[in-house]
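Here are my notes on the model, point by point. Please read them with the structure open.

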Amino acid sequence: MSSPIYSLLNVRRIIAGPGSLSRVHEIPASYGARKILMITDQGVWDAGLIEKPKEILESAGYGVEIIHQTPPEPAVDQVKAIFREAQEQGGQMIIGIGGGSVMDVAKLVSVLLTNDLSLEQLIGGAEITRQGLPTLMVPTTAGTGSEVTQNAIVLVPEEQVKVGIVSSKLVPEVVILDPLLTVKLPPAITAATGMDALAHAIECYISKKANPFSDTFALKTVSLISKGLRRAYKNGQDIEAREEMLLGALFGGLCIATSGTTAVHALAYPLGGRYRIPHGLSNAVLLPHVMKFNLDATEDRFKDLALAMGLPVSGLASRQAAERMIENLYALNADLNIPAGITDWGVTEADLEELVESASRVTRLLDNNPRPMTKSDMRAIYRRLM
């Protein structure tokens, strides 16, 4: 399943471990930055997670400006508003502290500030030619892996779909992984973001672009999340589990950086675009169904994933082991109280064709899927969720 040519884009530096945020002041000087722009969201702001890094940076002599209005699932106009505020605030380095939406916005703002391009042009596929401002990512959830990817997701409301902007210029410079920042993450968010990271690893492992880099990171991601997710969900103060989840999410992001997601994400984008179903939940609900669809095309790889999950399948035939892996995905969703369907968000049978049409346009991801997926196949999967 390996690609004939493969590569890995990566950040320059990762600082990790409990309390690692205390080293945030070491970073800006190496980039000649004296004024820092911190981008976050209201939840992180209200939780007081900005106070410590702000105090550390200011004590070290840095000026700090803060934008804390990043919304969940940011739309085009909302990203543009944050960009305009960033232009007014100024700064030589951007620190994104939050979940995937915050980090995506921070990456986009960094390149919009240095390139003569509009956000609409980026969405349309315009090439980013100049490096953005240096970026430091501090994830407060363990899911998207945005802290190490070349991707940024934007909601386009008029088309009711999310669009991925992809460029090597979006890869951050530095990451701080501090599990202490995630101990107060509510169980529901822990579950959804954790399943998002698991989806990244599983999809990248079976992707047509799978390669030795992505295989290594994917299997490690699956192992870490299988060990840590249920524990972090039940006890948010379990630091070891929280660290396993953060590492799993980062390795899952590295999978994306060298391989790519598949039909799970393609079918999830319309659910987020039209119904604002959180990205992690969309992926979690779809993951076992899409993997069941893919079973005939990749059962050997599914056995590898089952072993990485710690399931007792070593003596089983590939088909049996693969089926156990899929059963485990359904069971994991149930243990995490992930909804079994999408009707709670107002999705009805009448919406089916529009969902199928929208998902079918996400060819960048559908083309990675190990088994070709027709509109009829998509329709059947969506229908199982209703």
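**Notes on the predicted model**

1. Start with Asp377, which is found in helix H15, residues 375-384. This is a predicted model, and the points below should be read that way. Asp377 is buried but has no salt bridge. The nearest side chain of opposite charge belongs to Arg371, 5.0 Å away. A salt bridge here needs a nitrogen-to-oxygen distance within 4 Å. What does the side chain of Asp377 reach instead? It reaches the backbone nitrogen of Thr374, at 2.9 Å. With neighbours within four places in sequence left aside, Asp377 is in contact with Phe293 and Pro372.

2. Next, the hairpin of S6 and S7. Strand S6 covers residues 151-156 and strand S7 covers residues 161-166. They pair in the antiparallel sense, over six bridges. Val156 stands opposite Val161 in S7. Four residues lie between the strands. Gln160 takes a positive phi near 50° in this hairpin.

3. Strand S7 also supplies a charged partner. The structure holds 20 salt bridges. One of them joins Lys162 and Glu73, with the closest N and O atoms 2.1 Å apart. Lys162 sits in strand S7, while Glu73 is in the loop between strand S3 (63-70) and helix H3 (76-89). The pair links distant parts of the chain, 89 residues apart. Are Lys162 and Glu73 buried or exposed? Both are buried.

4. Asp215 and Arg301 form another pair to check. Their side chains meet in a salt bridge at 2.8 Å, N to O. Asp215 lies in helix H7 (residues 212-234) and Arg301 in helix H11 (residues 299-308), so the salt bridge ties together parts that are 86 residues apart in sequence. Asp215 is buried. Arg301 is buried as well.

5. Now Glu240 and Arg231. They form a salt bridge, with the closest N and O atoms 3.3 Å apart. Glu240 counts as exposed because its relative accessible area is 52%, and the cut-off is over 50%. Arg231 has 27% relative accessibility, so it counts as partly exposed. Which residues share the network of salt bridges with Arg231? They are Asp238, Glu240 and Glu244.

6. Gly260 deserves a look too. Its place is in the loop between helix H8 (239-258) and helix H9 (263-275). Gly260 has a relative accessible area of 7%, so it counts as buried. Its C-alpha atom is separated from that of Lys209 by 6.7 Å. Gly260 and Lys209 are 51 residues apart along the chain. With neighbours within four places in sequence left aside, Gly260 is in contact with Glu203, Cys204, Ser207, Cys255 and Asn368.

7. Two of those contacts are cysteines, Cys204 and Cys255. Why is there no bond between Cys204 and Cys255? The sulfur of Cys204 is 5.0 Å from the sulfur of Cys255, its closest cysteine sulfur, and that is too far for a bond. The cut-off for a disulfide is 2.5 Å between sulfur atoms. Seen from the other side, the closest cysteine sulfur to that of Cys255 is in Cys204. The structure holds zero disulfides. Cys204 is buried, with a relative accessible area of 0%. Cys255 is also buried, with a relative accessible area of 0%.

Key: Residues are numbered from 1 along each chain as its sequence is written. This is a predicted model: local features need pLDDT of at least 70, side-chain atom pairs count only at pLDDT 80 or more; totals for chains, interfaces and linings use all residues. Side-chain values use heavy atoms; hydrogens and water are left out. Helices (H or I, at least four residues) and strands (E, at least two) are DSSP runs, numbered from the N terminus. Buried means under 20% relative accessible area, exposed over 50%, partly exposed in between (1.4 Å probe, protein chains only). Lys and Arg count as positive and Asp and Glu as negative; His and the chain ends are not counted. A polar contact is a pair of N or O atoms within 3.5 Å; within protein, one must be able to donate a hydrogen and the other to accept it, and residues adjacent in sequence count only if both atoms are side-chain atoms. Contact means heavy atoms within 4.5 Å. Two strands pair if DSSP finds at least two bridges between them.
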